[in-house]
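Q: Please take a close look at one part of this model, the sheet, and work outward from there. I would like the pairing first, then what surrounds it.

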Amino acid sequence: MKIKVINGPNLNMLGIREPSVYGAENYQTLCRMIEEHAEKKGIAVEIVQSNHEGDLVDMIQDCYQKFDGIVINPAAYTHTSVAILDAVKAVSVPTVEVHISDVSQREDFRQLSFIREACIKTISGRGFQGYLDAIDELLRVLGE
Ligand code: DQA
């Protein structure tokens with residue numbers, strides 16, 4: 001079982017950006033938590049991050065026939081990107097959408113998620129734990 005974790009813009013700034021919203025832990029800590037969880041579950045995980053929409057589309061396309069599941073936090077592109085939605089639909093790889101903050105309790109412009117309709121589940125407001133829960137959800141759905 002191989003899972004790709006894809007992170008969008010500004011998530012590399014975790015720990016620095018708005019700690020009251022995203023917490024004090026940095027991106028390296030998030031990656032370490034995901035890797036440790038994957039190791040515990042006996043699966044392979046690859047974690048990538050980009051600040052660029054086209055790169056994120058490329059990263060999703062790269063999953064075609066190579067990965068069993070995708071965990072994605074498209075960050076701000078959640079609320080703007082039809083291209084990222086289309087890429088997830090194109091590859092037909094089971095995908096879980098994750099947000100560190102509880103977007104449902106934030107600004108109106110964050111209430112729309114283009115990608116949500118292509119995802120098997122959306123996890124929001126659980127901090128870094130949301131990524132681990134997303135991996136567990138994929139394991140459950142994929143029956144492993
Ligand atoms: C986010 C929520 C988005 O609205 C925001 O643009 C982000 C991070 C989250 O993880 O809570 O950059 O996806």
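A: Start with strand 1, residues 2-7. It pairs with strand 2 in the parallel sense, over six bridges. One pair can be picked out by residue: K4 has E46 of strand 2 as its bridge partner. In general, strands of a sheet pair through backbone hydrogen bonds, either parallel or antiparallel. This is a predicted model, so every value here is computed from predicted coordinates.

Now the whole sheet. Five strands make it up, in the order 2-1-3-4-5. The sheet is open, and its pairing is parallel. Strand 2 (44-49) and strand 5 (121-124) are the edge strands, and each of them pairs on one side only. On average, neighbouring strands are turned by 20° against each other, direction ignored.

Next, the helix over this end of the sheet. Helix 2, residues 27-41, lies across strand 1 and strand 2. Its angle to strand 2 is about 165°.

Helix 5 covers residues 129-142, and I135 lies in it. I135 is buried, at a relative accessible area of 0%. Its contacts, leaving aside neighbours within four places in sequence, are I3, I34, H37, I43 and V71. By position, I3 falls within strand 1 (residues 2-7), while I34 and H37 fall within helix 2 (residues 27-41). I135 therefore touches both strand 1 and helix 2, counting contact as heavy atoms within 4.5 Å. A distance makes the same link along the chain: I135 and V5 are 130 residues apart in sequence, yet their C-alpha atoms are separated by 9.1 Å.

Move to the other edge. Strand 4 (95-99) and strand 5 are joined by a loop, and V103 lies in that loop. V103 is buried, with a relative accessible area of 8%. It touches H79, R110, Q111 and S124, not counting residues up to four places away in sequence. S124 belongs to the edge strand 5 (121-124). For a distance across the model, take V103 and I16: 87 residues apart in sequence, 19 Å apart in space, C-alpha to C-alpha.

Now the cysteines. The structure holds zero disulfides. The sulfur of C63 has its closest cysteine sulfur in C119, at 12 Å, which is too far for a bond. The cut-off for a disulfide is 2.5 Å between sulfur atoms. Both residues are buried: C63 has a relative accessible area of 0%, and C119 has 13%.

Finally, put the sheet back in its chain. The protein chain has five helices and five strands. From the N terminus, the elements run β-α-α-β-α-β-α-β-β-α. The radius of gyration is 14 Å, close to the 15 Å that the globule rule gives for 144 residues, so the chain is as compact as a globular protein of that length. The C-alpha trace spans about 35 × 30 × 25 Å along its principal axes.

Burial and contacts complete the picture. Of the 144 residues, 49% are buried. Among contacts between residues at least 6 apart in sequence, 75% join residues at least 24 apart. The accessible surface comes to about 7000 Å², and carbon and sulfur atoms account for 47% of it.

Note on methods. Residues numbered from 1 in each chain as written. Predicted model: local features only at pLDDT ≥ 70, side-chain atom pairs only at ≥ 80, totals over all residues. Heavy atoms only, no water. Buried < 20%, exposed > 50% of the residue type's maximum accessible area, 1.4 Å probe, protein only. Pairing = 2+ DSSP bridges. Helix = DSSP H or I, 4+ residues; strand = E, 2+ residues; numbered from the N terminus. Axes fitted to C-alpha atoms, helices over the stretch in contact; angles between N-to-C directions. Rg over C-alpha atoms; globule rule 2.2 N^0.38 Å. Areas by Shrake-Rupley, 256 points an atom, 1.4 Å probe, with all protein chains shown as cover.
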